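Visitor: I've got a structure to look through with you. Can you take me around its side chains?

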Amino acid sequence: MIIPVIIEPIYDVESIWCAETRIGLERELSRKKYSLLEIDPMTYTSYDYQKLPRTRANDRLVVLIGTSPKWISQALAFLSDNGVGVLLVSCQPPENAQVRGVVRIDYAAGIGQLLAHLSDCGCLRPALYGCYADSSADLIKRWSFAERLGPNARIFENHGSLADCANEFISDSSYFDSVICANDIAAASLIQHLHAAGIRIPRDIQVVCFGSSEISRLFSPSITSLTLDNTEVGQQTVMAYAYLAKTDGDVNISVRVRGKLIIRESSCVANTITAAEQPLTREPVFTTGFYDDHEVQTFTRLERILLGCDTIDREILRLISTEVTTEKIAEQLSLAVETVRYRIRRILSNAGLKTRAELLSFITGSGFGEVITEQKTNQA
């Protein structure tokens, strides 16, 4: 079986979740001995869809992966006009959109899980933080949070700058005893800004988030997270496509992958802050791209470094941060010099950097030395 896939351009290039989804896709494709056909998202409107194999229901079907409501709506409209069915992945379909199936994380249930955890910790005044207007996933989180908290819901939107979002939250922080962050990048950024403002985590405010990445695990304090198993989303996508392709008639399916709560240092401490009720914030206004934000780019680079590093790599990074020569690193770690050079080149490639000097500047200049080398201190 051949499974054609179109991936929203920005996420295929920048996103960790998309990389994880691709891993799941490729893993299940290999297991089933299916083939992947990638359709260029920049030129998908000129692709000859008549070349695609027909399903048992005598239609043509593609997998569409993305989260931007605007881009997804345009792609769905085009594919529908050309008689191509869609299995939509990682996005809630727009109202009245015709799709054969949906596979995505169950973000609404995730909001419920995080609120229940905060309630168990004694937190009664949570905020939702860092929701991005052009993200289907964040719109679901926003809707679920507002539905559960009603008029007491406070939502802080990311209009393209996490720094501005943090400043807005900090100005109202005395109202809250906890905050749910839309993703781990937003959570790590907020913790840094709160710490700079003298607000202690978790003693003053408890922080939880979606997306249990290496950042969540290694940050200081480590961040309580609801895991997002995008690898499972990728695997479920292959199974859902195969089911639809082999089924007669007009069948639609919906798959929701639930998250798992991992409790870490940023929550679960008694909290006695009282907060005033506040109305729901304004409707989101889309301005710039999520990945245009300098903080997002920095944390994304950090995550790429962490994902590609083992214990030896982290020790190499620790020694690089002390400006030890490659030869000295090899001597201290009992490695061949060429082995150390190879590992440094691999780290540079993962980070999108060209020179060791750039890597040193990133480690020392961004303040992530302790995170990268896993030598944490307690900020609480």
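Visitor: Which residue does Asp204 form a salt bridge with?
Guide: Bear in mind that this is a predicted model. Asp204 has 17% relative accessibility, so Asp204 counts as buried, while its partner sits at 34% and counts as partly exposed. The closest N and O atoms of the pair are 3.1 Å apart, and the cut-off for a salt bridge is 4 Å. The partner is Arg200.

Visitor: How far apart in sequence are Glu327 and Arg341?
Guide: These two form a salt bridge, with the closest N and O atoms 3.2 Å apart. Glu327 counts as partly exposed at 42% relative accessibility, and so does Arg341 at 33%. Glu327 belongs to helix 12 (residues 326-333) and Arg341 to helix 13 (residues 337-351), so the pair links distant parts of the chain, and the separation is 14 residues.

Visitor: And Arg154 with Asp172: are they buried or exposed?
Guide: They form a salt bridge too, with 3.2 Å between the closest N and O atoms. Arg154 is in the loop between helix 5 (136-149) and strand 7 (155-158), and Asp172 is in the loop between helix 6 (162-171) and strand 8 (178-181), so the pair ties together parts that are 18 residues apart in sequence. As for accessibility, both Arg154 and Asp172 are buried.

Visitor: How many salt bridges does the count come to?
Guide: Besides those pairs, there's a network of salt bridges that links Arg22, Glu26 and Glu38. For the structure, the count comes to 13.

Visitor: What does the side chain of Arg104 make a polar contact with?
Guide: Arg104 sits in strand 5 (residues 101-105). Arg104 is buried yet has no salt bridge, as the nearest side chain of opposite charge, Asp106, is 4.8 Å away, and the cut-off is 4 Å. Leaving out residues up to four places away in sequence, Arg104 touches residues including Ser90, Ile140, Val233 and Arg256. The polar contact, at 3.0 Å, is with the side chain of Gln92.

Visitor: Over to the rings: are Tyr44 and Phe78 stacked or edge-to-face?
Guide: Tyr44 is buried, with a relative accessible area of 8%. Tyr44 lies in the loop between strand 2 (35-38) and strand 3 (60-65) and Phe78 in helix 3 (residues 69-81), so this pair ties together parts that are 34 residues apart in sequence. With the centres 5.6 Å apart and 85° between the planes, the pair is edge-to-face.

Visitor: What is the angle between the planes of Tyr47 and Tyr49?
Guide: Tyr49 counts as buried at 5% relative accessibility, whereas Tyr47 counts as partly exposed at 23%. Both belong to one aromatic cluster with Tyr44, Trp71 and Phe78. Their ring centres are 5.1 Å apart and the pair is edge-to-face, with the planes at 70°.

Visitor: Which helix gives the largest share of the largest nonpolar core?
Guide: That core has 48 residues, and Ile3, Val63, Ile65, Phe145, Ile180 and Phe210 touch the most other members. The largest share is 7 residues, and these come from helix 9 (residues 230-245).

Visitor: How many residues are in the second, separate core?
Guide: Stay with Phe210 for a moment: leaving out residues up to four places away in sequence, Phe210 touches residues including Tyr107, Leu114, Ile180 and Leu228. The second core includes Ile185, Ile199, Cys209 and Ile329, and its size is 47 residues.

Terms used. Residues are numbered from 1 along each chain as its sequence is written. This is a predicted model: local features need pLDDT of at least 70, side-chain atom pairs count only at pLDDT 80 or more; totals for chains, interfaces and linings use all residues. Side-chain values use heavy atoms; hydrogens and water are left out. A nonpolar core is a set of buried Ala, Val, Leu, Ile, Met, Phe, Trp, Tyr and Cys residues joined through side-chain atoms within 4.5 Å. Buried means under 20% relative accessible area, exposed over 50%, partly exposed in between (1.4 Å probe, protein chains only). Helices (H or I, at least four residues) and strands (E, at least two) are DSSP runs, numbered from the N terminus. Contact means heavy atoms within 4.5 Å. Lys and Arg count as positive and Asp and Glu as negative; His and the chain ends are not counted. A polar contact is a pair of N or O atoms within 3.5 Å; within protein, one must be able to donate a hydrogen and the other to accept it, and residues adjacent in sequence count only if both atoms are side-chain atoms. Rings of Phe, Tyr and Trp (its six-membered ring) pair if their centres lie within 6.5 Å; planes under 30 degrees apart count as stacked, over 60 as edge-to-face and the rest as tilted.
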